[in-house]
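Subject: Structure handover

Hello,

Here is the structure we talked about. Please open it first, then read the notes below.

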Amino acid sequence: MTPEEWMASNELRLEEIQTAGSYPNLSTLFGEEEFDLELDTLFAFGLARLLDGVASLIERSGSR
């Protein structure tokens with residue numbers, strides 16, 4: 001699935017998230033005209049946070 005196909009298939013869900021008010025920072029970000037949702041960038045960001053957590057867990061378990 002291409003990024004464009006993924007965006008098209010999730011457009012309604014993203015619209016619901018934006019308008020529900022549960023995530024005000026994300027809603028503000030989506031509201032900016034210059035904001036471009038790049039799936040590769042989001043994946044890389046999420047993966048980096050996940051790996052940071054794993055590294056922290058390994059460091060803590062190694063100090064026992």
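One cut-off to start with: a residue counts as buried under 20% relative accessible area, as exposed over 50%, and as partly exposed in between. Glu 5 has a relative accessible area of 45%, so it is partly exposed. Keep in mind that this is a predicted model.

Overall fold

The protein has four helices and zero strands. Along the sequence the pattern reads α-α-α-α. The radius of gyration is 16 Å, whereas a compact globule of 64 residues would come out near 11 Å. The C-alpha trace spans about 50 × 30 × 20 Å along its principal axes. Just 8% of the 64 residues count as buried. The exposed area is about 5,700 Å², and carbon and sulfur atoms supply 57% of that.

Charge

The side chains include 4 positive and 13 negative ones. The centres of these two sets lie 22 Å apart. A negative patch sits on the surface. Its members are Glu 4, Glu 5, Asp 36, Glu 38 and Asp 40. Of these, Glu 5 belongs to helix 1, which covers residues 3-9.

Nonpolar patch

There is also a nonpolar surface patch. Phe 43, Leu 47, Leu 50, Leu 51, Val 54 and Ile 58 make it up. Together they have about 590 Å² of accessible area. Phe 43 is located in helix 4, residues 39-62. How accessible is Phe 43? Its relative accessible area is 58%, so Phe 43 is exposed.

Salt bridge

Side chains of opposite charge can pair when their charged atoms come close. How many salt bridges does the count give? The count comes to one. The partners are Asp 52 and Arg 49, with an N to O distance of 3.4 Å. The cut-off for such a pair is 4 Å. Where do the two partners sit relative to each other? Both are in helix 4, three residues apart, so about one helical turn separates them. Asp 52 is partly exposed, because its relative accessibility is 46%. Arg 49 is at 42%, so Arg 49 is partly exposed too.

To look at in the viewer:

- the negative patch, including Glu 5 and Asp 36
- the nonpolar patch, including Phe 43 and Ile 58
- the salt bridge between Asp 52 and Arg 49

Best regards

Methods. Residues are numbered from 1 along each chain as its sequence is written. This is a predicted model: local features need pLDDT of at least 70, side-chain atom pairs count only at pLDDT 80 or more; totals for chains, interfaces and linings use all residues. Side-chain values use heavy atoms; hydrogens and water are left out. Helices (H or I, at least four residues) and strands (E, at least two) are DSSP runs, numbered from the N terminus. The radius of gyration is taken over C-alpha atoms; the globule rule is 2.2 Å times the number of residues to the power 0.38. Buried means under 20% relative accessible area, exposed over 50%, partly exposed in between (1.4 Å probe, protein chains only). Accessible areas come from the Shrake-Rupley method with a 1.4 Å probe; for residues, only the protein chains shown count as cover. Lys and Arg count as positive and Asp and Glu as negative; His and the chain ends are not counted. The place of a charge is taken as NZ of Lys, CZ of Arg, CG of Asp or CD of Glu. Patches are made of residues with over 30% relative accessible area and no salt bridge: like charges are joined within 9 Å, nonpolar side chains (Val, Leu, Ile, Met, Phe, Trp, Tyr) within 5 Å. A salt bridge is a side-chain nitrogen of Lys or Arg within 4 Å of a carboxyl oxygen of Asp or Glu.
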